[in-house]
Amino acid sequence: MSRRRFLAGAAAAAAMAALPTAIRAQQRRVAIAGAGLSGLHAALMLQQAGFEVIVIEGRDRVGGRILTLDQVPGRPEAGGSQIASNYRRLLAAAEGVGVEITPPEARLAFPTSYLINGRPETRRGWSESPENPFPEELRAITPDRLTSYLLREPPFRQNSDWHSAGMSHFDVSASDWFREQGLNDAGLALLGANNSYGNTLAGTSLLSLYRVVAGFQRGAAEGASLLEVEGGNMRLPEAMAARLAQPVRLGETVDRVENTGGGVVVRCASGLVIDADAAILTLPVPALRQIEFSPALPARQREALDAVVFNKVTQAYLQASGDDWEACGIPGSIWSNAEFGRLFARREAATGNALVTVWINGDGCDRYDALPEAEAGELILEDIFRVYPDARGKLNLRGLVRWGADPFSQGSWPAWAPGQIGRYYEALRQPANGVHFAGEHTASEFSGMEGAFESGERAAGEVMAAAGR
Ligand SMILES: Cc1cc2nc3c(=O)[nH]c(=O)nc-3n(C[C@H](O)[C@H](O)[C@H](O)COP(=O)(O)OP(=O)(O)OC[C@H]3O[C@@H](n4cnc5c(N)ncnc54)[C@H](O)[C@@H]3O)c2cc1C
């Protein structure tokens, strides 16, 4: 990678400028656990700054929660899919490794049809529907939009303020707060049906929902459009990994991290041992809590690792034979409170294939995640056929991804429970005993992919600063 291209990112440039020249020449070794976007970004920054970098990855592929299903019709993104045009670090990194970011050819259509308690509804008809449990002043708002509507005035001005001390009185149960706004049990159940930020609505921090809504508002205010990586989002982490001097050690699961006084020893289940001057752990919290630390982590940090869970997500990728989902009785994208959650319909531009992504969130995934993969796929189809009998024999399963059941992530992102942001957010990102922590869950300003880049940049900066002492 040419130095000039890498420095295209303003943030990376700033970090480099802050680096004492003496450190650039000095070879220091950093072990990085996790070859997702945060780990790869930190690795490239440190390599550029003259560090020797060894990246260790438990899966047999790089990318982590970026996963393009190359073998499935329509090449769906099973993980991080939408890149906002205000993801400046990501865009700069992509440019640096020669990866094109483009507008999507065919976007997943967001639902405009609803299926509530088994009854088809339209956006227009919702206010008059007998299934509408919302109070009079909210009846015109469909359940997929109500959270954003109720939280349209976030209590913080800067996006990075969501975790500040002054916000603790919003770090409460979202369902308690929504009840205060006049929602009854049926209304709360509907709001929680496809909640992506907690496994139950009662167990979701209102503050984390405010953060999400504020992120969307910021994107809208900045006129951000949605983009994707040409050829699939996986091409970005693959291209980043290809720029590393030492190939990523794939299939190596870190299980113990020791501070020896002189440095950090990272041990893997295979027996691989990496001696380093510092380590960055970028694992999602549920994977991180499996690791043994010596000496033990500070009490609050250990408690945080044990307490924070990730939001469960199960997705199935379906294809309608005859390239027609209408013949299946499915009107297009659907938001439902049925077991299968949401259906996102998309027609592939090149082939005309009619594709449907099923997206199930939270504890609703348990029904499917408890089963062997083939049976889980069958059950999703059966649940759909019960509602849309014409789809039987016409809608075929092409792929299934269960993030909640995946040991390397156990979910999609933090399902911050009430009180957890105040108690654990800072603890999760504090360096301890020569070990630094990155990963999207430690980001401040952005969430998602850009949050992963932001966190990798911060952790790389910490390692550089520590080496300069
Ligand atoms: C379904 C879904 C949809 C999403 N949609 C969007 C979206 O539209 N836009 C957006 O911006 N973001 C989206 N995201 C979020 C985005 O994908 C993530 O925030 C980002 O990819 C996280 O990167 P990371 O480096 O922090 O973590 P990860 O990508 O999880 O990387 C951590 C790595 O650590 C590895 N690992 C775990 N345990 C061990 C171990 N013991 N030893 C070694 N390695 C280990 C993992 O295999 C993984 O590769 C989505 C995520 C999901 C799951």
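Which loop is Pro-295 found in? The legend to View 1 takes that up, and like the other views here, it shows a predicted model.

**View 1. A cis peptide bond at Pro-295.** Pro-295 sits in the loop between β12 and α12, the helix of residues 299–307. The peptide bond leading into Pro-295 from Ser-294 is cis, and its omega comes out near -5 degrees. Ser-294 closes β12, a strand that covers 292–294. That strand belongs to the sheet in the next view, where β12 is one of the edge strands.

**View 2. An open, mixed sheet of 4 strands.** Read across the sheet, the order goes β10-β9-β8-β12. At the edges are β10 (273–276) and β12, and each of them pairs on one side only. Going from neighbour to neighbour, the strands are turned by 15 degrees on average, with direction ignored. Zoom in on β9 (residues 264–268) and β10: these two run antiparallel and are joined by 4 bridges. One pair to look for is Val-265, whose bridge partner in β10 is Asp-275.

**View 3. The parallel sheet β2-β1-β11-β18.** Here 4 strands make another open sheet, and the pairing is parallel. Strands β2 and β18 (435–437) have a single partner strand each, so one side of each has no neighbour in the sheet. The average turn between neighbouring strands is 20 degrees, again ignoring direction. Between β11 (residues 278–281) and β18 there are 3 bridges, and the two strands run parallel. Pick out Ile-280 and you can follow it to its bridge partner in β18, His-436.

**View 4. Helix α4 lying across the parallel sheet.** The helix lies across β1 (29–33), β2 and β11, and runs at about 165 degrees to β2. It takes in residues 37–48, which makes 12 residues. From first C-alpha to last, α4 reaches 16 Å, close to the 16 Å expected at 1.5 Å a residue. How many of the residues of α4 are buried? The count is 12 of 12, so to speak a full house, and the helix is mostly covered. Among the buried residues are Leu-37, Leu-40, Leu-44 and Met-45, along with His-41 and Gln-48. After the helix comes Gly-50, with a positive phi near 100 degrees.

**View 5. The shell around the ligand.** There are 36 residues around the ligand, and the ones that come nearest are Gly-34, Gly-36, Gly-64, Gly-80 and Gly-448. Which elements give two or more residues to this shell? They are α4, the helix from the previous view, and α16 (448–467). The largest share, 4 residues, comes from α16. By residue type, the shell splits into 15 nonpolar, 17 polar and 4 charged.

**View 6. The β5–β6 hairpin and its turn.** Strands β5 (113–116) and β6 (119–122) form a hairpin with 2 residues between them. They pair in the antiparallel sense over 4 bridges, and Tyr-114 stands opposite Glu-121 in β6. In the turn, look for Asn-117: its phi is positive, near 50 degrees, in a residue other than glycine. Is Asn-117 buried or partly exposed? Asn-117 is partly exposed, because 15 other C-beta atoms lie within 10 Å. The hairpin has company too: β5 also pairs in the parallel sense with β14 (residues 334–336), over 3 bridges. There, the bridge partner of Leu-115 is Ser-336.

**View 7. Arg-75, another residue with a positive phi.** Arg-75 is not a glycine, yet its phi is positive, at about 45 degrees. You'll find Arg-75 in the loop between β2 (52–56) and β3 (83–84). Arg-75 counts as partly exposed because it has 16 other C-beta atoms within 10 Å.

Notes. Residues are numbered from 1 along each chain as its sequence is written. This is a predicted model: local features need pLDDT of at least 70, side-chain atom pairs count only at pLDDT 80 or more; totals for chains, interfaces and linings use all residues. The expected span of a helix is 1.5 Å times one less than its number of residues. A residue is buried if 20 or more other C-beta atoms lie within 10 Å of its own, exposed if 12 or fewer, and partly exposed in between; C-beta atoms are placed from the backbone. A residue is near a molecule or strand if its C-beta atom, placed from the backbone, lies within 6 Å of it. Ala, Val, Leu, Ile, Met, Phe, Trp, Tyr, Cys and Pro count as nonpolar, Asp, Glu, Lys and Arg as charged, and the others, Gly among them, as polar. Two strands pair if DSSP finds at least two bridges between them. Axes are lines fitted to C-alpha atoms, for helices over the stretch in contact, and angles run from 0 to 180 degrees between N-to-C directions. Two residues are in contact if their C-beta atoms, placed from the backbone, lie within 7 Å.
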